[in-house]
Amino acid sequence: MAHSSTLSSPTVVALFAAALLFLLHPLNAELTADFYAKTCPDVSSIVQTVIHEALQYDPRITASLLRLHFHDCFVQGCDGSVLLDNSPTIKSEKDAAPNFNSARGFGVVDKIKAAIESTCPETVSCADILALAANASVYLSGGPYWTVLLGRRDSLTANQGLANVSIPSPFDSYANLTSKFYVLGLDITDLVTLSGAHTFGRAHCKSFTPRLYNFTKNGGPDPTLSPWYLTALQKLCPPNFNPKVITDLDPTTPNLFDNHYYSNLQKNDGLFETDQELYSTADAATVPIVNSFSADQSAFFKSFTRSIVNMGNISPLTGSNGEIRCNCRKVNKS
């Protein structure tokens, strides 16, 4: 594949750093389901209420909030670092390539934080808000509900450099993609399951146009794109595409959290290169998992509730580490 490559030296170094962080702060058993039972018992309902209100004017918001949780956890653990703005001491992850002009939902996170602060001041971390928002977003979109483990604290730093290399790219090769999950303690089943989050949401042309033009050595498109989908995407995103144009990640049920993502892959209708690779890579261990989830939505939902908890437990700050931010966009004043 013309747009898949081996890991560069900086990427290898960054992934080694991520692996070291995971070893120092492994999947953490200190998180508990009842962490706020006494200090902020209504936190889950507050989060869900704000997101439900946002859905009335922004059908994309649920997918966007789930993505924020994903992008947070893949960079120095689930610590709310993705929410930090630029400052004299912070180089924001929002400006990293996977997030720049792409990550969204920060205003809704601010509203959630404000609503929680008015009820339970200086109690609930921004990292936990992202975990709770992911749960509410999936549930409000027709997906499963799970028990969210809580007790994360917020980072004092961000890591834009790590965000540039540790967050999976839509152009990653199958080998690169699996390595980015493995290094954080996530396995093949987690990879296929969490990729199913692409069952809702939108994407800009820039994230998939390399598949449409000059993908192969002879200048053809990605052969794993179905003819109808290729034609539709080329019409939407010509070579001189409008950078503001977006399209549905799932062309069948774009706003629902269901298992159509997997049946789309079986028809060569995956939008991202990294989506279709899960099914079209010869003899890949991911293929039977795709088939299983396509045939049984309940199996996908059950697996998703496990994998999202696995991801949410990556290297959390607990105890006296980090802080509880008063404003999710900036660290507290010392």
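**Close-up 1. H198, a position flagged in a UniProt record.** An unreviewed UniProt entry puts the feature "binding site" at H198. What you're looking at here and in every other view is a predicted model. H198 sits in the loop that runs between α8 (188–195) and β1 (202–204). Is H198 buried or partly exposed? With a relative accessible area of 25%, H198 comes out as partly exposed, because buried would take a value under 20%. Leaving aside residues up to four places away in sequence, H198 touches L249, D250, Y261, F272 and D275.

**Close-up 2. Helix α11 and what covers it.** One of the contacts of H198, D275, takes us to α11, where D275 is among the buried residues. The helix spans residues 273–280, and six of its eight residues are buried, so you can call it mostly covered. Besides D275, the buried residues of α11 are E273, T274, Q276, E277 and L278. And what does the covering? The cover includes α7 (174–182), α8, α10 (260–266) and α12 (287–295).

**Close-up 3. The largest cavity.** Rolling a probe the size of a water molecule over the atoms shows where empty space is left. In this model, the count comes to four cavities of 30 Å³ or more, and the largest cavity has a volume of about 60 Å³. Its lining is made up of H69, A131, W146, V148, L149, R152, I308, V309, G312 and N313. Which helix gives the most to this lining? That would be α13 (residues 297–312), with three residues. Sorted by class, the lining of the largest cavity has six nonpolar residues, three polar ones and one charged one.

**Close-up 4. The second largest pocket.** Here we turn from a cavity to a pocket, the second largest, with about 150 Å³ of space. There are 16 residues in its lining, and A33, S44, L132, V148 and L150 lie nearest the centre. Two elements, α2 (43–55) and α5 (126–140), are the ones that give two or more residues to this lining. By class, 12 of the lining residues of the second largest pocket are nonpolar, three are polar and one is charged. You may recognise V148 from the previous view, where V148 also lines the largest cavity.

**Close-up 5. The salt bridge between R104 and D58.** The count for the model comes to nine salt bridges, and this view shows the one that R104 forms with D58, with the closest N and O atoms 2.9 Å apart. R104 lies in the loop between α3 (61–73) and α4 (106–119), while D58 lies in the loop between α2 and α3, so the pair ties together parts that are 46 residues apart in sequence. As for how covered the partners are, R104 is partly exposed at 23% relative accessible area, whereas D58 counts as buried at 12%.

**Close-up 6. The salt bridge between K180 and D172.** K180 and D172 also pair up in a salt bridge, and their closest N and O atoms are 2.9 Å apart. Both ends are tucked away: K180 is buried with a relative accessible area of 4%, and D172 counts as buried at 8%.

**Close-up 7. A salt-bridge network.** Salt bridges that share partners join D85, K94, D110 and R329 into one network. Within it, the side chains of D85 and K94 meet at 2.4 Å, N to O. D85 counts as partly exposed at 25% relative accessibility, but K94 is buried at 13%.

Technical notes:
Residues numbered from 1 in each chain as written. Predicted model: local features only at pLDDT ≥ 70, side-chain atom pairs only at ≥ 80, totals over all residues. Heavy atoms only, no water. UniProt positions renumbered as here; feature names shortened; annotations may be inferred. Helix = DSSP H or I, 4+ residues; strand = E, 2+ residues; numbered from the N terminus. Buried < 20%, exposed > 50% of the residue type's maximum accessible area, 1.4 Å probe, protein only. Contact = heavy atoms within 4.5 Å. 1 Å grid on protein atoms, 1.4 Å probe; cavity = no way out; pocket = protein on both sides within 12 Å on 5 of 7 lines; lining within 4 Å. Points joined across faces, edges and corners; volume = space filled by probe spheres on them. Nonpolar A, V, L, I, M, F, W, Y, C, P; charged D, E, K, R; others polar. Salt bridge = Lys/Arg side-chain N within 4 Å of Asp/Glu carboxyl O.
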